Amino acid sequence: MENRISLYRPPAPYPGEATEGWRNFSNYLSSDPLGIIPKELYECTIFQFDDEDPRKFLLNEPKLLSRVLEAQQAIFTKGGGVAELLKPILHNGLLTTEGVDWQDQHEMVAPLFSNTRVHISFGYLQEALSAFVGRFQQYAETGQTVKLAEEVNFLVADVNFRCVFSRPIETQLEHQCSDSITKYEEQIADIALDLKRFIGRAQPAFTEDALKTAEDVRTSIAQIIDEHMYNKPPNSQNFFQVFQDARVPSTGKSFTKSQLVDQVASIFLSSRETTSAALCWSVYILAQCPEIVERIRTEVQLVTACGPISYEHLPRLRFTRDVFKEVLRLYPPVLYLSRVAREDTTLGDALIPKDSMVIISPWVVHRHRSFWENPDMFDPDRFSRGAAKATPGSYFPFGLGPRMCISASFVTFLGIKVIARLCTLFDFETLNTDEVRPDSTFYLKPSRPVLCKVHKRKFIK
């Protein structure tokens, strides 16, 4: 018998009535974009905004999304977005390159996320999560109030350092690198809010302070690389070894020192905020849904026979996986993806002139009234209900096609493992539940620190 639950609506603005100026996309970038999206945009398949330079189209139809992001990616190329904001740190890494350069890098780093490499990385995740659990056990004993995002950010950064360099964050240099990344993201927040200044054609206007901080990040990474290469153990099984061994398929050339910094920076930044935000939302939602937590605990107990959660157990934790998938549906990492039409073309019945912007919002598509049942509600069972599943192609938290996040499988298994372990050991109590809202300034993360208490689970069988 299916286990149905009362559905919880996590924080999100209710779709509103159309207000004056809503047809200009630039207005969504100069104010709270989530709060002013009218219900019309959650119901249409394609919508042309009134902006003229360049023309802008919001695309929701899954079959057309696939054309833009997969079949016709040569016509619809990247334009603006988060990657441009990170370029002072990433330089010419995988997230910011195009064409042949991107194809070469993609093939060079693809082994990072093979099944074998992900299996090896599981050991590093175990080590980082054990340290994380140790801190939470102390918080539970002392009754200390926890700022959830800070803790989860550190967990993800620690996982990254262990996976890339086979060592935890423990030296001053590693903390300095992590702190500088946080500082940079704070410094470019105003630029992210003012995306209309560069969307489509111009480039972001970075401050001197932001550029200096970006250079500090790269300098720290370069120093960490130097130390690692000097002291690394033999037969290293980590991401950096993959970078060192990688060769350009067409020429056989390896990464230069600067390119190694690009790749390490891409790993650190691509997963840091996106994964952290997803885990933070997961804990926040589960704190409001004790019946979901109990189902996760029951599943873990059945799958593991009350033993440790191994790598082989993860594919069998299907409900826990669906919980994480549902969190990513409700809070995909980025508000929108943008592409530029490089020639005149059509999408459905709409003529798309050359240089037009095609805007794809995972937030909107994931909550579209035509594609999802109860789209604003937290309902992890939707992924196992057969006919009641979503419209195919309407779920893409990591993007679609060749430019899809290369670490999607790694992030997913990390999410499953973290949720399963935390639910097995702890209960969480959020203290400012009614104050938390989604903020889309940079990534879709909570608008303010999520304050919570950690309690040891009272009855562990």
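The second largest cavity holds about 140 Å³ of space. Its lining comprises 13 residues, and F25, Y28, I37, L335 and S361 are the closest to its centre. Helix α1, spanning residues 25-29, is the main contributor to this lining, with three residues. The character of the lining is strongly one-sided in number: twelve residues are nonpolar, one is polar and none is charged. The model is a predicted one. In total, four cavities of 30 Å³ or more were counted.

The open space was examined next. The largest pocket contains about 720 Å³. It is lined by 29 residues; A149, N153, T182, E273 and K445 are the closest to its centre. Four elements each give two or more residues to the lining: the helices α6 (148-165), α7 (172-187) and α11 (257-288), and the strand β11 (445-446). Of the elements, α6 gives the most, with seven residues. The lining of this pocket is mixed in composition. Twelve of its residues are nonpolar, seven are polar and ten are charged. The second largest cavity, by contrast, has no charged residue in its lining.

The pocket and the cavity belong to a chain with 15 helices and twelve strands. The radius of gyration of the chain is 22 Å, close to the 23 Å that the globule rule gives for 461 residues, so the chain is as compact as a globular protein of that length. The C-alpha trace spans about 60 × 55 × 40 Å along its principal axes.

Burial and contacts were computed for the chain as a whole. Of the 461 residues, 54% count as buried, where buried means under 20% relative accessible area. Among contacts with a separation of 6 or more, 73% join residues that lie 24 or more positions apart. The accessible surface amounts to about 19,900 Å². Carbon and sulfur atoms account for 50% of that surface.

Technical notes:
Residues numbered from 1 in each chain as written. Predicted model: local features only at pLDDT ≥ 70, side-chain atom pairs only at ≥ 80, totals over all residues. Heavy atoms only, no water. 1 Å grid on protein atoms, 1.4 Å probe; cavity = no way out; pocket = protein on both sides within 12 Å on 5 of 7 lines; lining within 4 Å. Points joined across faces, edges and corners; volume = space filled by probe spheres on them. Nonpolar A, V, L, I, M, F, W, Y, C, P; charged D, E, K, R; others polar. Rg over C-alpha atoms; globule rule 2.2 N^0.38 Å. Buried < 20%, exposed > 50% of the residue type's maximum accessible area, 1.4 Å probe, protein only. Contact = heavy atoms within 4.5 Å. Areas by Shrake-Rupley, 256 points an atom, 1.4 Å probe, with all protein chains shown as cover.
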